[in-house]
Amino acid sequence: MPQGWEWIIILLIVVLVFGVGRLGKLGEELGSGIRAFREGLSGGDDKKEEDTKDE
């Protein structure tokens, strides 16, 4: 398992390969994917409850 300086070197290599702009987009897509996965697990019940409370 990488430690300390090894993580910094890995991060620098990833930034050099993908670029900063592309990494931001990748993080955004990963976040939306995780959000969709959580909503799928819960069955989307939370969103339905919020919609009924607003009415």
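Guide: A patch joins residues that have over 30% relative accessible area and no salt bridge, like charges within 9 Å and nonpolar side chains (Val, Leu, Ile, Met, Phe, Trp, Tyr) within 5 Å. A salt bridge is a side-chain nitrogen of Lys or Arg within 4 Å of a carboxyl oxygen of Asp or Glu. The model is predicted: local features need pLDDT of at least 70 and side-chain atom pairs pLDDT 80 or more, while totals for chains, interfaces and linings use all residues. Residues are numbered from 1 along each chain, and side-chain values use heavy atoms, without hydrogens and water.

Visitor: Which residues make the nonpolar surface patch?

Guide: Ile-9, Ile-13, Val-17 and Phe-18 form that patch, which covers about 390 Å² (Shrake-Rupley method, 1.4 Å probe, only the protein chains shown counting as cover for residues).

Visitor: Where is the place of Val-17?

Guide: Val-17 lies in helix α1, residues 5–18 (helices are DSSP runs of H or I, at least four residues; strands are runs of E, at least two; numbering starts at the N terminus).

Visitor: Does Val-17 count as buried or exposed, and why?

Guide: Val-17 counts as exposed because its relative accessibility is 58% (buried is under 20%, exposed over 50%, partly exposed in between).

Visitor: And how many of the 55 residues count as buried, in percent?

Guide: The buried share of the 55 residues is 0%. The chain has an accessible surface of about 5300 Å², with 63% of it on carbon and sulfur atoms.

Visitor: New topic: how many helices and strands are there?

Guide: The chain holds three helices and zero strands, in the order α-α-α.

Visitor: At what angle do the axes of α1 and α2 cross?

Guide: The axes of α1 and α2 (residues 20–42) cross at roughly 100° and come within 7 Å (lines fitted to C-alpha atoms over the stretch in contact, with angles from 0 to 180 degrees between N-to-C directions). The two helices are therefore roughly perpendicular (65 to 115 degrees; under 35 is roughly parallel, over 145 roughly antiparallel, the rest oblique).

Visitor: Which residues make the contact?

Guide: Val-14, Val-15 and Phe-18 of α1 meet Val-20, Arg-22 and Leu-23 of α2 (contact means heavy atoms within 4.5 Å).

Notes
Buried means under 20% relative accessible area, exposed over 50%, partly exposed in between (1.4 Å probe, protein chains only).
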